[in-house]
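Work through the exercises below with the sequence and the model at hand, and try each task before reading its solution.

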Amino acid sequence: MDHTKLANLLFPNSKKTPEEYEALYPARDLPAGAKVTRLGPSPTGFIHLGNLYGALADERLAHRSGGVCFLRIEDTDEKREVEGAVPALLSALHYFGIDFDEGASFSGEVGDYGPYYQSRRGEIYQCFVKHLISEGKAYPCFMSEEEIEEIRSLQERDKLNPGIYGPYARHRDLSFEDVVERLGDGQEFVVRFRSEGSPEKYFTVTDAIRGEMSMPENQQDVVILKKSGLPTYHFAHVVDDHLMRTTHVVRGEEWISSLPIHVQLFDALGWDYPIFCHNTVLMKIDEETGQKRKLSKRKDPELSLEYYQKEGYFPEAVREYLMTILNSDYEEWRLADPEAPLDAFDFTADKMSNSGTLFDLNKLNDVSKDVLARKTAEEILAFMLRWAGEYQPSLAGLMADNSDKLLKIFDIDRGGPKPRKDLINGRQIFAFISYFFDEHFMIRDDFPSECSPGDIKEILRRYLASYDEADDNETWFGKIRQITADLGYAVKPKDYKKNPEQYKGHVGHVSNVIRIAITGRSSSPDLWTIQQIMGAQTVRRRIAEAHGLFD
RNA sequence: GUCUCCUUGGUCAAGUGGUCAAGACGUCGCCCUCUCACGGCGGAAUCAGGGGUUCGACUCCCCUAGGAGAUACCA
């Protein structure tokens, strides 16, 4: 049969030739070794940590090599599309430091290899589908859902592999006349690839992350063009990544099993393969089953990127965490040079992990503490104001009004060789310092059990009487020592530990009485510094109020 | 069911035939210390199981088990 005739019958409006498209999208002019990567999300509206994880790999691989990282929107499934998903994706990724060189952007499409929305690439796909048909490598299939269902149940009954292949590909060799007739009847069709593959035969590809992988050839006549005229993922991937001159295809390992299809399509079109980089997906332990499982946008709302924005994680902290799990030696590199720019790190595909990585909130928090410890008080403040403005409007005004105070608070033990590391994210930071604000202050912790109510009252009375804002740290603490000794507590904790029977407690307990009265909690940074920031008036008032509790 | 990928401490992991099997988080203990945090020191804790190959196996081969994914006109 004349395949060209069939191709023209099916796609009369597709005029361009493959050669014309090849010329339209020439090889990129990039320095040797430059990688071209892409992120190809389907615009379903949800972005979670796993997506960022992959996006960061794309971004690093490209930019580290002086290459290009572009954004292609894979919107070939109209059913799943969500309004506004693209800007949301763009802004979330931008927030976490990922920007694209070309592709979909806030201001439309940028770049010479577009369109970057698959839904706008219909003509291109049709051209190549038509080309395959004219070469006899693809064919229209008119089978109904019912017919396919029937084939499947037959296959299941006979314990055969399900799918449309070999004898089950009933429309492989429809005559031209038959096709004309069906078309005349208004029958709709999909285009299937005519697979010559055999599951007996194995092929090998080299994956940049996993090394050599071999698997059986695909024998299914997969659909490459849907009834809607849009391509399936498989076909779109092959055509787009070829025409957009992608060098490295970074994607989740869930795609490994469709590699046989992709390889087959590249071969059929006579194109070279890109370098495949199948990374792992981020996992978590399912609370119910106790098993590892892939992150799910439905079950794990706390893993959506928005969650981290709401909690007030520094974008840099999240990125830093992801880097540690993305490239195994990143952490040690960072340890060796905490100030080095991200770009100085030699990010490579072969250092990426190939087994399921569990998301570890603990680790994220630890990384975040390190990152924040390197920030200046001004940077922390600026971030907090921005965060509160966005997500905690009730705090925004309060913080803005107290910028000077906050600056001092954030500056406590900052900047030295051994900075405090107790700031994690916006929400936590505010909770951590909330006692500075009367409207958020409360006595939260119990007074130490070593001190009797009478002693507590007396400690507070004497403290209030002796308190002088002008005292330096040493003088101030000397007064506490005095009270400690006067009331029968050990001035040195060690004395108390050695002879607990000789004392009621030690200076730490006495200090904590004061600490709790002032901050409401039994642990805090240096009290003297806190008092300086808080101001004598508030200090006195709180001491007096606590004293009043024991009347 | 079939196919594929994966399997080193609680977690992230280095490791490619000969190591007392790195490091980080967490955890425990000690030190520093008025609390907390920081910091310092130290401890416990890992090669999924079984067969081979080899003088020698975490490293190579086979089997088993477990985990993950695919098996769509979803990506």
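In what follows, Ala, Val, Leu, Ile, Met, Phe, Trp, Tyr, Cys and Pro count as nonpolar, Asp, Glu, Lys and Arg as charged, and the others, Gly among them, as polar. This is a predicted model, in which local features need pLDDT of at least 70 and side-chain atom pairs count only at pLDDT 80 or more, while totals for chains, interfaces and linings use all residues. Residues are numbered from 1 along each chain as its sequence is written, and chains are lettered from A.

**Exercise 1. Describe the lining of the largest cavity.**

Step 1: The structure holds two cavities of 30 Å³ or more, a cavity being a set of points on a 1 Å grid over the protein atoms alone where a 1.4 Å probe fits but cannot get out.

Step 2: The largest cavity contains about 130 Å³ of space, and of the 13 residues that line it (those with an atom within 4 Å of a point), I409, I412, D422, L423 and F432 are the closest to its centre.

Step 3: The lining divides into nine nonpolar, no polar and four charged residues, and helices α16 (403-410) and α17 (426-433) each supply at least two of its residues; helices (H or I, at least four residues) and strands (E, at least two) are DSSP runs, numbered from the N terminus.

**Exercise 2. Work out the sheet that contains β1.**

Step 1: Four strands form an open sheet in the order β1-β2-β3-β4, with mixed pairing, where two strands pair if DSSP finds at least two bridges between them.

Step 2: The edge strands, each pairing on one side only, are β1 (36-39) and β4 (108-110).

Step 3: Strand β3 (residues 102-105) runs antiparallel to β4 and is joined to it by three bridges, and G103 stands opposite V110 in β4.

**Exercise 3. Explain what is left open at the edges of the sheet β5-β6-β9.**

Step 1: The three strands form an open sheet with antiparallel pairing.

Step 2: Because β5 (138-141) and β9 (223-225) stand at the edges with a single partner strand each, one side of each is left without a neighbour in the sheet.

Step 3: Four bridges join β5 to strand β6 (residues 190-193), and the bridge partner of Y139 in β6 is R192.

**Exercise 4. Characterise chain A as a whole.**

Step 1: The secondary structure of chain A comes to 23 helices and 14 strands.

Step 2: Its radius of gyration, taken over C-alpha atoms, is 33 Å, well over the 24 Å that the globule rule (2.2 Å times the number of residues to the power 0.38) gives for 551 residues, so chain A is more spread out than a compact globule.

Definitions and conventions:
Side-chain values use heavy atoms; hydrogens and water are left out. On a 1 Å grid over the protein atoms alone, a cavity is a set of points where a 1.4 Å probe fits but cannot get out, and a pocket is an open set with protein on both sides within 12 Å along at least five of seven lines; lining residues have an atom within 4 Å of a point. Grid points are joined across faces, edges and corners, and a volume is the space filled by probe spheres set on the points.
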